[in-house]
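Okay, thanks for squeezing me in, everyone. Let me put the structure up, and then I'll talk you through the ligand and one pair of rings.

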Amino acid sequence: MTKKLVFAFPDDVSLTELMVQTKGSGLRMGRWTWRRFPDGESLVRVEEAVDGCDVVIVCTLSQPDTRFLPLCFLAETLRELGAARVVLVAPYLGYMRQDKRFHSGEAVTAHLFASMLSPHIDWLITVDPHLHRIHALEEIYTVPSVVVSAVPVMAQWIHAHVQRPFIIGPDEESEQWVKEVADRASAPFVVLSKERKGDREVQITLPANLSLEGHTPVLVDDIISSAHTMAEVLTKLRAYSEVPPICVGVHGIFAGDSNTLLQQAGAGRVVTCNTIAHPSNAIDLSAVLVEAMGRVI
Ligand code: R5P
């Protein structure tokens, strides 16, 4: 089988190495460099022959303002050097939450970012993008995509590591993950209601009749960003359970002092998938990403 070359962005090397090591991946790590000139501009250099090859770029798109331009430089250079197809694996796909003009004059960046990224790639593979008012990536991306679900692997982790879990989703949007995680982990679940008041201010309401007795609360959400959502749930849960809750996120962005915030709010453990490199990564998605890639190239 012809080896496929995979080019990993610096923060995605660990995940990419796991993908390369996955049995049957057919992937070989491609050499390239990205450095900055003193003035802050990027120099990207491909150090492999790619003529006629299908190539894969692994670039998580948290902090997308920093990564977008070098990603475009790499993708276009690979094309200029003869790559047949450029597949982007963006384990976390940023700019999905601003999916409408919430206030007059705001940029609808989910649409804008998709239209800026699409011309540079031939396929997009990502994990649980934040789909809310946008129902499928095809509505905004002009290239075909594969959406990988972290749910089965998260449910396996919870089943193997948590005694008598009670799955808790912080808001209505989380129901799509929470219900399936609970089904697969054979656990009860509840979905709370959330009102967002600002970037770092949320109000969470728990049902009055909630009983968690004999269970370990497990908070499940797609994104932990400022962590105020999870912290607010943790604070409210104190009245319902003495067992330190476990926080499980698909994508751990952990902006600012969010780690401290979660510890102070009483998190027993914080666990994330390895879509964004972080010490909390305990749930490995390399095999499911390789499986998705096999459907594309
Ligand atoms: C909301 O739309 C998402 O599903 C997450 O609940 C949200 O991104 C979490 O954000 P933060 O950690 O800043 O509260």
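I'll start with where the ligand sits, go on to its contacts, and end with the aromatics.

One thing up front: this is a predicted model, so please keep that in mind as we go.

So, where does the ligand sit? It's in the largest pocket. Around the ligand there are 15 residues, and the closest are D221, D222, S226, A227 and T229.

Which parts of the fold supply that shell? Three elements give at least two residues each: strand β11, at 193-198, strand β13, at 216-224, and helix α6, at 228-237. The largest share is from β13, with four residues. If you sort the shell by class, you get seven charged residues, five polar ones and three nonpolar ones.

Now the contacts, and I've picked out three that involve ligand oxygens. With T229, an N or O atom of the side chain is 2.5 Å from an oxygen atom of the ligand. With A227, the partner is a polar backbone atom, and the distance to a ligand oxygen is 2.8 Å. Then there's K194, where a side-chain N or O atom is 3.0 Å from an oxygen of the ligand. As for how covered the ligand is, on its own it would expose 380 Å², and the protein buries 93% of that.

Okay, leaving the ligand. There are four aromatic pairs in the structure, and I'll show you one of them, F9 with W32. The ring centres are 4.9 Å apart and the planes are at 50°, so we call this pair tilted. Why care where these two come from? F9 is in the loop between β1 (4-8) and α1 (13-21), while W32 is in strand β3, residues 32-36, so the pair ties together parts that are 23 residues apart in sequence.

That's it from me, happy to take questions.

How values were computed
Residues numbered from 1 in each chain as written. Predicted model: local features only at pLDDT ≥ 70, side-chain atom pairs only at ≥ 80, totals over all residues. Heavy atoms only, no water. Near = heavy atom within 4 Å. Polar contact = N/O pair within 3.5 Å; in protein donor to acceptor, adjacent residues only side chain to side chain. Areas by Shrake-Rupley, 256 points an atom, 1.4 Å probe, with all protein chains shown as cover. 1 Å grid on protein atoms, 1.4 Å probe; cavity = no way out; pocket = protein on both sides within 12 Å on 5 of 7 lines; lining within 4 Å. Sits in = over half its atoms within 2 Å of the grid points. Nonpolar A, V, L, I, M, F, W, Y, C, P; charged D, E, K, R; others polar. Phe/Tyr/Trp six-rings, centres within 6.5 Å; stacked < 30°, edge-to-face > 60°.
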